[in-house]
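Here are some notes for a colleague at the bench, set out as numbered points to be read beside the structure.

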Amino acid sequence: MQITAAVVQELHGPFVVRDVELDEPGPGEVLVKVAATGFCHTDGIARHGDLPFPVPGVLGHEGAGTVAAVGPGVTSVHEGQAVVIGWPSCGACRNCQDGEPRYCLRLGEAIVGGHRLDGPSALRTRDGEPLASHFFGQSSFATYSLTTESALVPVPEGLPVEMMGPLACGLSTGAGAVFHTARPLPGASLVVYGVGTVGLAAIMAATNSPATTIIAVDRHASRLRMATEMGATHVVDATDTNVVEAINDICGGPADLALECTGVISVVRQAVDSVGMRGTCILIGGAPAGAEFSVDHLSTLWGKSIVGTLGGSGRSLRLIGGLMGLYAQGRFPFDRLVEYFPLERIEEAVEASYSGDVIKPVLTMPN
Ligand SMILES: [Zn+2]
Ligand SMILES: [Zn+2]
């Protein structure tokens, strides 16, 4: 079938909105008419080759829309149903079987393989030249996305489907890190380094936890203001402050939990140093491929944990479903972060995201 997509023709090249061909759904596959897709920094990283997604191809991994058609054997969703397209996974490996599909042993292939997990690409140009598809199992910078039944999360009646896509990645990543990995105890102190989409999601999640000290650290005053509006009890502007000292002042000693959302190696060290004995530093932000960090050995021996988390851990159905429920109750107000751009203005959306003018640009698809 013919669809419209934003195609990356070459590494570092622009997104070119053009008509392309997409396969019809096969067994276990679902065709989703995309309403809107969030732009995430991971899309930018892939466009520049820092994630090995083949080009030419179609990116986009925070899509939501309505089911347009289902392939043979699909039973859990039906035509016309509103859905978020969650992360792909094989469903069969040890980690998938353990209920941790974010750590699917075939993850690399599933998110950047450029084709179906067990089959060829689903996209090609109108002249029949192959295009990489299935970025994060969806390639949703397009009017239609071909995905798998197991990735889909139904959107409850009454919620705006065009806004729900970002719950598939950035927002689940930050919120899941709090709910699944940090799990603050009553009265806990929690520091969030970097308050873009992921960090702000962590702060909104923390307000739904028994943590009572929620500290946002960033260099942008506008983001720190937003963090306060989202429930941060304290903010630290890292521009000209000794951040670790500032945290110790606020908490009366080291913090219990630090969430590192920047991927900047010097900040990783600050995050590790800002938690104390039995404290936990959670690594969330992606550093450039090959980056390494070092920590103080002795103070790490004192019961400190440093742990990485991917995509918020857990299962899409429960995590994204839970966040939609919290949003509906006014307890996860991520609508405040979202600004819409039509697909043709994708370069503007990217620019607004990089400059920090817009925290979560969402691309709406032409009808
Ligand atoms: Zn798996
Ligand atoms: Zn993402």
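1. Cys93 and Cys104 are both buried, and since this is a predicted model, the points below should be read as statements about that model. The two cysteines lie 11 residues apart and link distant parts of the chain, with Cys93 in the loop between β6 (82-85) and α2 (94-97) and Cys104 in the loop between α2 and α3 (107-112).

2. Both residues belong to the zinc site, where the zinc ion (ligand 1) is coordinated through the SG atoms of Cys90, Cys93, Cys96 and Cys104 at 2.3 to 2.4 Å. Along the chain these donors follow the spacing C-x2-C-x2-C-x7-C. The angles subtended by the four donor atoms run from 103 to 119°, and the arrangement is therefore tetrahedral; for comparison, the ideal angle for four tetrahedral donors is 109.5 degrees.

3. Elsewhere, six strands form an open sheet with parallel pairing, in the order β13-β12-β11-β14-β15-β16. Its edge strands, β13 (234-237) and β16, each pair on one side only, and the twist from one strand to the next averages 20°. Within the sheet, β14 and β15 are joined by five bridges, and Leu259 has Ile282 in β15 as its bridge partner.

4. Helix α7 (residues 221-229) lies across β12 (213-218) and β13, at about 165° to β12, whereas helix α8 (residues 243-251) lies across β11, β12, β13 and β14, at about 160° to β12.

5. In helix α9 (residues 265-273), the buried residues are Val267, Val268, Ala271 and Val272. Viewed down the axis of α9 they fall within an arc of 145°, so they line one face of the helix. These buried residues pack against β11 (189-193), β14 (255-260), β15 (275-283) and β16 (305-308).

Methods
Residues numbered from 1 in each chain as written. Chains lettered and ligands numbered in written order. Predicted model: local features only at pLDDT ≥ 70, side-chain atom pairs only at ≥ 80, totals over all residues. Heavy atoms only, no water. Buried < 20%, exposed > 50% of the residue type's maximum accessible area, 1.4 Å probe, protein only. Helix = DSSP H or I, 4+ residues; strand = E, 2+ residues; numbered from the N terminus. Arc of directions from axis to C-beta. Contact = heavy atoms within 4.5 Å. Donors = N, O, S within 2.8 Å, 3.2 Å for Na, K, Ca; no water. Tetrahedral: all angles 85-135°; square planar, octahedral: opposite > 155°, others 65-115°. Pairing = 2+ DSSP bridges. Axes fitted to C-alpha atoms, helices over the stretch in contact; angles between N-to-C directions.
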